[in-house]
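Q: Could you walk me through one part of this protein in detail, and then show me how the parts around it are put together? I'd like something I can follow with the model open on my screen.

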Amino acid sequence: MRYTPTLTRDANASAGGKNLGDLPEWDLSDLYTAPDAPELKRDLDWLEDACRSFAADYEGKLDSLSAGEFLTLVQRNEKIGAIAGRIMSFAGLRYYQMTMDAERAKFLSDCQEKITNYTTPLVFFSLEINRLPEDHYADLFAANDELARYKPAFDRQRAMKPYQLSDELEKFLHDLGVVGDAWERLFDETIAGLTFEVDGEELNIESTLNFLTEQDRSKREAAARELARVFAANIRTFARVHNTQAKEKEVLDRWRGMPSPQMGRHLSNDVEPEVVEALRNAVVKAYPRLSHRYYELKRKWLGLDRMQVWDRNAPLPMETTRTVSWDEARETVMNAYSAFDPRMGELAQPFFDKGWIDAPVKPGKAPGAFAHPTVTDVHPYVMLNYLGKPRDVMTLAHELGHGVHQVLAAGQGEMLSSTPLTLAETASVFGEMLTFQRMLENAKDDKERKVLLAGKVEDMINTVVRQIAFYDFECKLHDARRGGELTPDDINALWMSVQAESLGEAFDFMEGYETFWAYIPHFVHSPFYVYAYAFGDGLVNALYAAYQESPEGFQDKYFDMLKAGGSKHHKALLEPFGLDATDPTFWDKGLSMIEGFIDQLEAMEE
């Protein structure tokens with residue numbers, strides 16, 4: 001399903017009249033051709049029947065199955081997941097293309113409710129798996145090689161065993177999930193419906209945030225103040241969403257006996273709490289060596305006594321304002337990918353040729369960028385809001401990295417292809433690094449090299465320092481919510497408590513900046529997701545250093561790691577590279593790469 005060309009022209013208008021070229025849009029027909037497609041109705045009917053018969057055949061019987069029978073059960077469950085995933089991918093992607101469209105919102109909601117109802121009878125499956133005695137569980141997977149392949153997925157599931165509730169309560173919570181989804185949609189629709197006026201032009205949030213990277217400081221200030229004005233006008237809605245989501249999480253965690261608000265995320269990420277704590281502590285300790293030092297440099301470059309928040313992502317004075325056409329962005333990223341390994345270019349090419357990328361900014365389209373894997377027998381879809389900024393090239397490299405990773409991991413099947421969030425950022429950040437190094441090699445002079453280095457340092461600070469500050473904000477928010485309802489001012493204060501610490505002495509904070517927590521979607525959609533960005537950046541920096549030190553055979557090991565999907569723990573995935581994230585000094589290796597880039601920038605000043 002393609003949108004009309006007029007919306008593509010609107011996208012160029014949203015980009016300030018810039019001609020970005022022929023921006024691609026999604027063709028969702030590989031999932032379904034339309035909401036009323038007979039194939040979609042067929043799949044919904046099949047799903048209802050398959051879930052019912054699965055429960056009838058297996059509920060209360062898992063402990064009596066042979067290894068062969070258990071394998072059949074797993075394969076049936078995997079097919080159910082694939083069909084449900086295909087339906088929800090189609091409904092979700094259509095919705096994100098135009099979140100203000102009532103029909104699309106209703107279609108997504110209806111699909112979610114149907115699938116929740118159909119799959120409720122399956123709740124017994126994970127509960128009974130977790131009740132199998134340890135020796136019986138081990139013997140089952142040892143008896144069949146094909147079944148043994150699935151064991152990592154069930155091992156992760158059994159990690160939830162101590163926090164499992166009764167069958168009846170688990171079914172109740174499964175049914176209640178659609179209520180939490182409704183709060184997420186309220187957030188999405190509120191964000192997408194916001195309008196901002198900058199210099200007499202009415203803009204959506206994506207285009208307004210884009211002004212924060214404008215060369216003209218007055219435009220950056222105007223955009224920042226307008227963002228603050230609109231967020232303040234809607235702050236009660238955002239505070240209500242956050243209060244409700246945090247309270248819901250607190251109730252669930254309390255009933256499950258979770259030791260901390262973060263524990264559920266650590267379990268789903270298959271990462272030890274002490275590893276995340278070591279990452280967090282290493283980054284916070286490095287704030288003075290990273291962000292504080294870099295922003296002091298940037299303050300001097302900008303010729304300012306004090307920086308304001310609208311200067312954080314400002315271009316450097318020596319940076320030429322230019323629009324990067326879509327063709328140039330594609331060529332830059334594809335050249336970088338293919339130079340690393342031709343196989344990487346071959347995997348990325350179909351995204352551009354087959355309607356797997358939706359690039360233009362359009363009214364009502366969800367802000368930001370993502371890569372959605374859909375299901376393993378289709379392919380991923382990448383969403384961008386492409387505005388022709390040099391940073392948009394890095395966003396393309398990032399999301400395309402996710403896409404390549406998802407294509408490679410698809411061979412693992414539905415249960416094992418999905419990578420824990422801590423490793424999900426590996427290929428995306430590595431793709432950015434490849435693109436950056438390629439651009440650095442092709443720099444015409446020291447001025448261009450300096451601009452590229454500074455841009456990369458800022459991206460790394462945004463990925464590592466900013467995201468760990470976000471993580472600290474979330475930790476404080478969830479802890480505070482356990483003590484009672486939080487007013488907007490309470491949440492504002494928590495936000496500001498992490499900002500000065502992470503950004504340093506170079507900054508002042510305008511009135512209104514305290515509301516900027518309101519638009520971050522991860523806080524609502526995936527609590528504590530954000531540390532995965534810092535984890536991924538640190539991991540990739542260490543990986544890239546290993547590539548530079550011994551490039552021989554690196555590509556094959558790298559592809560093997562991506563193909564593994566979620567079938568291996570981070571320790572096993574990193575072992576071939578001689579790396580170990582449980583080593584307390586591991587994170588310092590990644591952070592030292594950022595320091596090294598800042599060293600180069602300081603040397604250029606001498």
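A: Here is a walk that starts from one helix and then moves on to other parts of the chain.

First, some ground rules: this is a predicted model, in which local features need pLDDT of at least 70, side-chain atom pairs count only at pLDDT 80 or more, and totals for chains, interfaces and linings use all residues. Residues are numbered from 1 along each chain as its sequence is written, and side-chain values use heavy atoms, with hydrogens and water left out.

Let's begin with helix 14, residues 273-286. (Helices are DSSP runs of H or I with at least four residues, strands are runs of E with at least two, and both are numbered from the N terminus.) At 1.5 Å a residue, the 14 residues of helix 14 should span 20 Å, and the end C-alpha atoms are indeed 20 Å apart, which agrees. That expected span is 1.5 Å times one less than the number of residues. The buried residues here are V275, V276, L279, A282, V283, V284 and A286. Buried means under 20% relative accessible area, exposed means over 50%, and partly exposed lies in between, using a 1.4 Å probe and protein chains only. The cover over these residues includes helix 13 (263-268), helix 23, helix 24, helix 26 and helix 29 (586-605).

Three of those covering helices are worth a visit. Take helix 23 (residues 465-481), where you'll find Y471. Y471 counts as buried, at 5% relative accessibility. Leaving out residues up to four places away in sequence, Y471 touches Q262, H266, V276, R280, F528, V530 and Y531. Contact here means heavy atoms within 4.5 Å. One of those partners, V276, is also on the list of buried residues of helix 14. For a sense of scale, Y471 and K106 are 365 residues apart in sequence and 33 Å apart in space, C-alpha to C-alpha.

Next comes helix 26, residues 531-549. Its 19 residues should span 27 Å at 1.5 Å a residue, and its end C-alpha atoms are 27 Å apart, so that agrees too. Of those 19 residues, 16 are buried, so helix 26 is largely enclosed by the rest of the structure.

Helix 24 (residues 488-503) brings in another partner, helix 15 (residues 291-301): their axes come within 7 Å and cross at roughly 70°. Axes are lines fitted to C-alpha atoms, for helices over the stretch in contact, and angles run from 0 to 180 degrees between N-to-C directions. Helix 15 and helix 24 are therefore roughly perpendicular to each other; angles under 35 degrees count as roughly parallel, over 145 as roughly antiparallel, 65 to 115 as roughly perpendicular and the rest as oblique. On the helix 15 side, S291, H292 and Y295 make the contact, and on the helix 24 side A500, E501, S502 and L503 do. By class, this contact has three nonpolar, three polar and one charged residue. In that scheme Ala, Val, Leu, Ile, Met, Phe, Trp, Tyr, Cys and Pro are nonpolar, Asp, Glu, Lys and Arg are charged, and the others, Gly among them, are polar.

Now for another helix pair. Helix 17 (residues 342-353) and helix 18 (residues 390-409) pack at about 105°, with axes 10 Å apart, and are therefore roughly perpendicular to each other. M344, L347, A348, F351 and F352 of helix 17 meet L396, L400, G403, V404, V407 and L408 of helix 18. That contact has ten nonpolar residues, one polar and no charged ones.

There's an open sheet to see as well, with three strands in the order 3-5-4 and mixed pairing. Strands pair if DSSP finds at least two bridges between them. Strand 3 (357-358) and strand 4 (370-372) sit at the edges with a single partner strand each, so one side of each has no neighbour in the sheet. Strand 4 runs antiparallel to strand 5 (residues 381-383), joined by three bridges, and A371 stands opposite V382. In the loop between strand 4 and strand 5 you'll meet T374, which has a positive phi of about 50° although it is not a glycine. T374 counts as buried, at 10% relative accessibility.

Another positive phi, near 55°, turns up at D199, also not a glycine. D199 is in the loop between strand 1 (196-198) and strand 2 (201-203), and counts as exposed at 58% relative accessibility.
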